[in-house]
Amino acid sequence: MKWIQVTIDRPIGYKDSYGNIYPINYGYVPGVMGGDGEEQDVYILGVTKPLEVFEGELIAVIHRADDVEEKWVAVPKHLRFSVAQIEEAVRFIEQYFDSSIELLED
């Protein structure tokens, strides 16, 4: 599994300009560019408190058929989620996109 470091810019409880309240931590991997020309975005699962930084394992990639970027999913070491669990956790944003989830191999 790939180990990544994430800077959290939308911690649990963050409210965006559209009124979405983040139930999970969300951030980016410094220095890794995503499809939108910005740093790669990451959903953090398995943590229940707001964070500023996170180190963990990349377990899935969310592919968006109607967008130029992908989202990554990271978790604390050895924690795993099913596709259904990931879908539920990220629905608050991914409901607006035509997305599919690819689980990465250990």
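**Exercises: Asp16 and strand S5**

Leaving out neighbours within four places in sequence, Asp16 contacts Tyr22 and Ile93 (contact: heavy atoms within 4.5 Å). This is a predicted model, where local features need pLDDT of at least 70, side-chain atom pairs count only at pLDDT 80 or more, and totals for chains, interfaces and linings use all residues. Residues are numbered from 1 along each chain as its sequence is written, and side-chain values use heavy atoms, with hydrogens and water left out.

**Exercise 1.** Find where Asp16 sits and what its side chain meets.

*Solution.*
- Step 1: locate Asp16. The loop between strand S1 (2-10) and strand S2 (25-33) holds Asp16 (strands: DSSP runs of E, at least two residues, numbered from the N terminus).
- Step 2: look for a salt bridge (a side-chain nitrogen of Lys or Arg within 4 Å of a carboxyl oxygen of Asp or Glu). Asp16 is buried and has none; Arg10, the nearest side chain of opposite charge, is 5.7 Å away (buried: under 20% relative accessible area, 1.4 Å probe, protein chains only; Lys and Arg count as positive, Asp and Glu as negative, His and chain ends not counted).
- Step 3: check backbone nitrogens. That of Tyr18 lies 2.9 Å from a polar atom of the Asp16 side chain. That of Asn20 also lies 2.9 Å from such an atom.

**Exercise 2.** Explain why strand S5 (residues 71-75) is largely enclosed, then name its partners.

*Solution.*
- Step 1: count. 5 of the 5 residues are buried, so S5 is largely enclosed by the rest of the structure.
- Step 2: sort the sides. Lys71, Val73 and Val75 point one way; Trp72 and Ala74 point the other way.
- Step 3: pair S5 (pairing: at least two DSSP bridges). S3 (residues 39-44) runs parallel to S5, with 3 bridges. S4 (residues 53-64) is antiparallel to S5, with 5 bridges.

Notes: Buried < 20%, exposed > 50% of the residue type's maximum accessible area, 1.4 Å probe, protein only. Helix = DSSP H or I, 4+ residues; strand = E, 2+ residues; numbered from the N terminus. Polar contact = N/O pair within 3.5 Å; in protein donor to acceptor, adjacent residues only side chain to side chain.
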